[in-house]
Amino acid sequence: MTIDHLWAVSTLIFAPFIGSFIGLLTLRLPAGRPWALSRSACDACGRTLGVVDLIPLLSFLVLRGRCRTCHAAIPPRYLLLEGGCLLIALWSALTQTGVMVPVTAILGWGLLLIAIIDAEHLWLPDRLTLPLGLVGALLTVGFANASPWTPLLGAAAGFCGLAAIAWLYKRVRGFDGMGGGDPRLLGAIGAWVGWQGLPSVLIWACVAGLSVAASKAIVRRRLAPGQELPFGAFLAIGAWLTWLWGPLHVLIRDGLA
Ligand SMILES: [Zn+2]
């Protein structure tokens with residue numbers, strides 16, 4: 001096994017555990033409950049969970065999604081997120097090589113966590129978006145041969161660009177078109193994809209957002225007035241695709257060539 005394989009294999013092994021942790025964070029952060037340094041316990045009966053209960057994917061399947069003691073249902077999000085993180089790791093392993101496999105997976109896992117919390121609570125906590133940007137700056141400079149200016153310029157362009165759009169929208173329409181956390185999320189994404197990738201992130205985000213709005217409109221006829229869509233979750237999708245496939249103008253140029 002070469003060192004390249006080792007990066008990929010360890011990313012795949014790690015993935016379901018990251019998924020469990022993301023499941024815990026999506027439940028506890030919005031509820032303001034402690035999430036670090038506390039032993040895992042059943043939310044229904046309070047029994048401290050042992051090793052048998054905490055093996056990602058397998059525990060859920062073996063216990064058929066129920067607590068061993070009180071038989072309360074374990075939130076299915078744990079199974080979904082453990083599988084989802086494994087898929088992200090697999091996607092990374094199939095498209096990247098060497099250390100870029102874990103680097104790419106870390107971006108995917110971070111975006112997944114942020115997208116879920118935004119989709120469920122329309123909330124983009126700074127304590128998630130800011131570390132995403134910081135980790136992006138360190139990893140792209142450290143491993144992807146980016147110059148230190150690339151993440152800095154990307155973060156500044158992402159934040160200022162979206163803050164300017166939000167300000168303009170409010171001036172024209174008279175109310176907020178997006179949440180206050182969206183510019184900070186696009187800033188964090190800019191630290192990963194650089195300013196050249198930002199237009200692509202926004203285009204993918206709009207395509208994703210419009211698809212969701214359109215399918216909701218078909219199913220429920222129309223959006224309820226004032227119903228908000230989680231723009232941060234769509235930005236996360238845009239960031240992931242831009243990171244994997246590169247900026248759209250390069251993609252189109254290479255496709256035509
Ligand atoms: Zn229980």
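Let's start at a small landmark: just after helix α6 comes Gly174, a residue with a positive phi, near 90 degrees. Keep in mind as you look around that this is a predicted model.

Stepping back from Gly174 into the helix before it, α6 covers residues 149–173. Its 25 residues, at 1.5 Å each, should span 36 Å, and the C-alpha atoms at its two ends are 35 Å apart, so the expected and computed lengths agree. Part of this helix is covered by its surroundings: Thr150, Pro151, Gly154, Ala155, Gly158, Phe159 and Leu162 are buried. If you look for what lies over these buried residues, you will find α5 (126–143) and α7 (182–220) included in the cover.

Now zoom out to the whole protein chain. It has nine helices and zero strands, and reading along the sequence gives the pattern α-α-α-α-α-α-α-α-α. Along the principal axes, the C-alpha atoms fill a box of roughly 55 × 55 × 35 Å. How does the radius of gyration fit with a compact globule? For 257 residues, such a globule would come out near 18 Å, and the protein chain has 20 Å, which agrees. Of those 257 residues, 37% count as buried. The contacts also reach along the sequence: among those with a separation of 6 or more, 72% are between residues 24 or more positions apart.

A helix pair makes a good next stop. Two packed helices are described by the angle between their axes and by the distance between those axes. For α3 (residues 77–95) and α4 (residues 100–121), the axes come within 8 Å and cross at roughly 145 degrees. The crossing of α3 past α4 is right-handed. On the α3 side, the meeting residues are Gly84, Cys85, Ile88, Ala89, Ser92 and Ala93, and their partners in α4 are Val101, Thr104, Ala105, Gly108, Trp109 and Leu112. Sorted by character, the residues of this contact are eight nonpolar, four polar and no charged.

Finally, turn to Gly238, which sits in helix α8 (residues 231–245). Is Gly238 buried or exposed? There are 27 other C-beta atoms within 10 Å of Gly238, and a residue counts as buried at 20 or more, so Gly238 is buried. Setting aside neighbours within four places in sequence, Gly238 is in contact with Ser200, Val201, Leu202, Trp204, Ala205 and Ala208. Leu198 is 40 residues away from Gly238 along the chain, yet their C-alpha atoms are separated by 8.9 Å.

How values were computed:
Residues numbered from 1 in each chain as written. Predicted model: local features only at pLDDT ≥ 70, side-chain atom pairs only at ≥ 80, totals over all residues. Axes fitted to C-alpha atoms, helices over the stretch in contact; angles between N-to-C directions. Helix = DSSP H or I, 4+ residues; strand = E, 2+ residues; numbered from the N terminus. Left-handed = near helix turned anticlockwise from the far one by under 90°. Contact = placed C-beta atoms within 7 Å. Nonpolar A, V, L, I, M, F, W, Y, C, P; charged D, E, K, R; others polar. Expected span 1.5 Å × (residues − 1). Buried ≥ 20, exposed ≤ 12 C-beta atoms within 10 Å, placed from the backbone. Rg over C-alpha atoms; globule rule 2.2 N^0.38 Å.
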